[in-house]
Amino acid sequence: MVVGAFMVPHPPLIIPEVGRGEEQKIQRTIAAYQEAGRRIAGMRPETIVLISPHQKMYADYFHISPGAGAKGNFGRFGAGRIGIETVYDRIFRENLCKLAEAGEIPAGTAGERDKRLDHGTMVPLYFVNQHWKDYKLVRVGLSGLSFSVHYELGRRIQETAEALGQRTVVIASGDLSHRLKEDGPYGYRKEGPDYDSRIMDVMGNADFGGLFDFSEDFCDKAGECGHRSFVMMAGALDRREVSSRRLSYEGPFGVGYGICTYEAAGRNPHRNFLDQYWKREGERLQNLRKKEDAYVGIARQTIEEYIRTGRRLKLPEGLPKELYEVRAGVFVSIKREGRLRGCIGTIKAVRETVAEEIMENAVSAAVKDPRFSPLEPKELDLLEISVDVLGEIEEIASPEKLDVKEYGVIVTRGYRQGLLLPNLEGVETVAEQIAIAKQKAGIKPEEEVRMARFRVVRHH
């Protein structure tokens with residue numbers, strides 16, 4: 001069974017041979033790490049499952065390290081003689097992969113690019129090994145999938161430990177915000193200290209349901225690297241009573257380092273945080289659907305018909321008059337759990353009516369957006385859909401004519417063209433808006449472009 005879990009950071013400079021004195025500035029973190037190591041030793045785990053954001057990461061797949069074991073050193077940080085070697089728990093890994101497959105979670109041992117241990121793994125083990133060495137390791141990477149899928153894989157970790165009857169400790173390796181100071185590695189953003197304050201409150205109190213309240217956009221702005229690790233760890237403690245302790249928090253170098261410990265106890269059915277999240281999300285989506293107008297309604301009908309039957313919906317009767325009479329460019333956007341799941345549109349009208357434009361682009365957004373796999377029937381009740389109807393396109397001479405809230409932008413260089421809609425979450429400046437539009441078109445940041453702007457009418 002999972003007997004405990006630990007939230008820890010992974011700054012290489014905490015290793016004296018790497019820090020060369022700089023580690024003295026995070027003495028509270030070092031002391032907390034030593035305490036965590038002693039607590040792990042007291043739990044006497046047979047298996048340690050270590051979740052690292054610096055393990056190989058795929059957009060839609062969790063990589064679990066294969067083989068009999070691995071080693072690594074801190075050579076890239078100037079301390080090559082300091083190394084870590086570990087033996088993998090092959091039986092635990094095989095059972096975890098089987099349970100993940102049974103739960104339709106894309107996880108396994110395929111896709112290894114580098115057998116060496118990453119620093120997100122080595123830093124925690126450096127401290128663990130000072131106190132306890134009688135364990136085998138399971139090394140799990142993150143993915144670009146949603147928080148809920150990470151929690152689900154955490155549940156499978158718990159199930160594996162219980163099925164094998166092995167004393168298991170889960171270590172969630174992850175730094176907090178990298179944007180705490182102007183002179184830090186990634187500068188300062190206000191979301192940085194906000195994230196650290198909120199996450200330490202959530203994790204310090206073991207209030208794991210709060211992990212789902214962080215939007216991915218907020219996490220990106222904060223520049224964190226451990227949130228998904230923490231979510232997966234929380235899944236490994238699903239429905240378990242825990243005794244939590246916040247050991248330390250520091251951020252002297254512009255990066256947040258937090259350490260919290262969790263001792264697992266008996267069952268507590270009320271700590272089913274993913275189930276609670278889905279209940280809240282289901283109620284929110286039901287309320288949204290009740291408020292959808294005809295534009296979004298026709299997009300949703302089209303998507304559901306096509307995904308369930310493979311047939312295209314015939315143009316319905318009884319829609320508002322303008323849907324039959326107006327022609328315009330249209331973008332259909334699909335989100336799931338707050339994350340984009342598909343977006344396709346036309347800058348100018350291609351079909352005879354706005355209704356037909358919506359229907360065509362709805363199918364394309366659902367199954368033809370090259371950034372995403374086609375929608376599946378099981379996802380249909382989880383979707384948020386919006387429809388943007390484009391207004392007149394107006395050439396502009398400079399970025400001064402743009403406003404990210406009011407205008408979308410089209411950038412053009414030769415045959416390459418990129419578009420970004422207005423008033424998007426996470427896009428706060430004109431510079432960001434233009435940069436993203438260029439990136440979508442494959443235009444280099446320094447290249448000159450022609451620009452145009454447009455307004456939209458957004459339907460939710």
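User: What makes helix α8 a helix that lies across β1, β2, β7, β8 and β10?

Analyst: In this predicted model, contact means heavy atoms within 4.5 Å. Helix α8, residues 227–236, lies across β1 (2–8), β2, β7, β8 (168–173) and β10 (257–267). Against β8, the helix runs at about 160 degrees.

User: How are the strands of the open sheet ordered?

Analyst: The order is β7-β2-β8-β1-β10-β9, six strands with mixed pairing. Neighbouring strands are turned by 15 degrees against each other on average, direction ignored.

User: Why do β7 and β9 stand at the edges?

Analyst: β7 (136–141) and β9 (240–250) each have a single partner strand, so one side of each is left without a neighbour in the sheet.

User: What makes β2 and β7 a pair?

Analyst: Two strands pair if there are at least two bridges between them. Strand β2 (residues 47–52) and β7 have six bridges, in the parallel sense. One of the bridge partners in β7 is K136, which faces T47 in that role. The two strands therefore count as paired.

User: Which residues have the most contacts inside the largest nonpolar core?

Analyst: They are M203, F208 and Y262, in a core of 52 residues. Helix α8 gives the largest share of this core, six residues.

User: What is F208 in contact with, leaving aside its neighbours within four places in sequence?

Analyst: F208 is in contact with V202, M203, M233, A234, L237, Y262, R271 and F273.

User: Which residues does the second, separate core include?

Analyst: This core of 38 residues includes I14, I26, A32 and I48.

Technical notes
Residues are numbered from 1 along each chain as its sequence is written. This is a predicted model: local features need pLDDT of at least 70, side-chain atom pairs count only at pLDDT 80 or more; totals for chains, interfaces and linings use all residues. Side-chain values use heavy atoms; hydrogens and water are left out. Helices (H or I, at least four residues) and strands (E, at least two) are DSSP runs, numbered from the N terminus. Axes are lines fitted to C-alpha atoms, for helices over the stretch in contact, and angles run from 0 to 180 degrees between N-to-C directions. A nonpolar core is a set of buried Ala, Val, Leu, Ile, Met, Phe, Trp, Tyr and Cys residues joined through side-chain atoms within 4.5 Å. Buried means under 20% relative accessible area, exposed over 50%, partly exposed in between (1.4 Å probe, protein chains only).
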